[in-house]
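Here is a short note to help you find your way around. Please keep the viewer open and follow the points one by one.

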Amino acid sequence: MTSKGKTRRAVSVGRRAVSVGLSGAALAAALTAAPAQAAPTPTSSSTTSSSTTASSTTGSVPAGSTTTAPGRAAPRATGPSWRLKETGAQARFRGLAAVSRSTAWVAGSGGTVLRTGDGGRSWRNVSPAGATGLEFRDIEAFDGRRAVVLAIGEGEASRILRTDDGGASWTESFRNPDPRAFYDCVTFFDSRHGLAMSDPVDGRYRILSTGDGGRSWTVLPTAGMPEALPGEAGFAASGQCLVSSGPRDVWLATGGGATARVLHSSDRGRNWTVAESTIPAGDPVRGVFALAFRDRTHGIAVGGDYRTGQPSPRAGAVSRDGGRTWRQAHTPPPAYRSGVAWLPHSRSAALAVGPTGTDLTTDGGRTWRTVDTGSYDTVDCAAGPAYGPPSSRASGCWAAGEKGRVARLER
């Protein structure tokens, strides 16, 4: 691994929200009224340096088995808050896919993949066979049975696998043959069309494309990709360095170069434009770590400096023109944040997470307020599928991070 990779990949190195009837606007109002609090923590040492390489493996959950959370109730909190869901794992989960309030997938270190279908009361270890040496940093799920997971690393360490049976079996659909490439993130426009991105090769970001739900992948031409800056790359910190909205728009977040930039494509990755963000860069460990777009116009960027104890001024930015221009948040998150997600059914509320806490915005990213001090690396919210029983269709927000931490936002 190059020196650039070693610094970048401790992160990259080591990528109605709470209950039926509670809309994003109502949740945002309740969170704003509630005092900031730490999420229940399984051990006193659960918050560690965000720059620690993710190398832990699955704990007490053998592959194929199920773990169920203990029966004792967690302490009741005032207003909506993160409620930890016992996973029985010790992996660091930077990959997260929220399908609904009841169904979610997480992916992390040691080749670990877990899935729940009952709101986190129990988790099934559905890790691919022989994957313990892989570092999963992103997972995209279409429902409780179909998912695509990305492993990061130089050369053949970067791989993509797909399941159609809830993780009972996996098929490897891509293994990176180029030692110069390092894949960071994957995103899907729908259940068939998706992209994955690699750090620059020959001075340009490399983009993979699929049109069959991740069963096969093709490298796109680079003629429409702007040149990367010296030292510039993506961060595989939360699975949110490549995000999409709608059928054709996709955005790519960068750091490590002289400026932190956001690239945008409106034709599924064939042609790109580039804009500077206001988030500081100029160092291999600084830049934009995560993006979220609620439509093709309104976007939020978060990031900073992932080193523990280092200040991260201007850690948030907003765009109202599809990423063509970015404005600094008036009151940004107070520290480095690696994940961000819009609340379902809300036009102005979003959550950002990092190792020192969770922040809420109710004005589209202009101002942020810390609402929780627990450690999480990634966050994802889902409106819920349009089929199945009402309990499975309810929207939900989930967060995941170190030491097997997974939580759901609850009232």
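**A four-strand sheet and its surroundings**

1. A good place to begin is a single pair: Ala-253 stands opposite Val-262 in β17. Please keep in mind that this is a predicted model. The two strands to look at here are β16 (residues 249-253) and β17 (residues 261-265), which run antiparallel and are joined by four bridges.

2. Now widen the view. β16 and β17 belong to an open sheet of four strands, in the order β15-β16-β17-β18, with antiparallel pairing. Which strands stand at the edges? They are β15 (242-245) and β18 (273-276); each has a single partner strand, so one side of each is left without a neighbour in the sheet. From one strand to the next, the twist averages 25°.

3. The loop between β17 and β18 holds Arg-268. Its phi is near 60°, a positive value in a residue other than glycine. Arg-268 counts as partly exposed because its relative accessibility is 22%, and the buried class ends at 20%. A second residue to check is His-345, in the loop between β23 and β24. The phi of His-345 is near 65°, again positive in a residue other than glycine, and at 48% relative accessibility His-345 is partly exposed.

4. Next, the largest pocket, with a volume of about 1,100 Å³. How many residues line the largest pocket? The lining has 42 residues, and Ala-98, Glu-140, Ser-244, Asp-380 and Cys-381 lie nearest the centre. Several strands supply at least two lining residues each, among them β3 (93-98), β7 (135-141), β15 and β19 (286-293). The edge strand β15 from point 2 therefore turns up here too. β27 gives the most to this lining, with five residues.

5. β27 also appears in the largest nonpolar core. This core has 16 residues, of which Trp-82, Leu-343, Leu-351, Tyr-376 and Cys-397 touch the most other members. At least two core residues come from each of β2 (81-84), β24 (350-354), β27 (378-382), β28 (396-400) and β29 (406-410).

6. Turning to charged side chains, the whole structure contains 21 salt bridges. Side chains of opposite charge can pair when their charged atoms come close. One example joins Asp-164 and Arg-162, with 2.4 Å from N to O. Are these two partners buried or exposed? Asp-164 is partly exposed, at 37% relative accessibility, whereas Arg-162 is buried, at 5%.

7. Asp-178 deserves a look of its own. Its side chain meets Arg-180 in a salt bridge (2.9 Å, N to O) and Arg-206 in another (3.0 Å, N to O). Asp-178 lies in the loop between β10 (171-175) and β11 (183-188), while Arg-206 is in strand β13 (residues 204-210), so this pair ties together parts that are 28 residues apart in sequence. Asp-178 and Arg-206 are both buried, with Asp-178 at 11% relative accessibility. Arg-180, by contrast, is partly exposed, with a relative accessible area of 46%.

8. One last item on charges: Glu-156, Arg-159, Glu-172 and Arg-175 form one network, joined by salt bridges that share partners. Selecting these four residues together in the viewer will show how they are arranged.

Conventions
Residues numbered from 1 in each chain as written. Predicted model: local features only at pLDDT ≥ 70, side-chain atom pairs only at ≥ 80, totals over all residues. Heavy atoms only, no water. Salt bridge = Lys/Arg side-chain N within 4 Å of Asp/Glu carboxyl O. Buried < 20%, exposed > 50% of the residue type's maximum accessible area, 1.4 Å probe, protein only. Core = buried A, V, L, I, M, F, W, Y, C linked by side-chain atoms within 4.5 Å. Pairing = 2+ DSSP bridges. Axes fitted to C-alpha atoms, helices over the stretch in contact; angles between N-to-C directions. 1 Å grid on protein atoms, 1.4 Å probe; cavity = no way out; pocket = protein on both sides within 12 Å on 5 of 7 lines; lining within 4 Å. Points joined across faces, edges and corners; volume = space filled by probe spheres on them.
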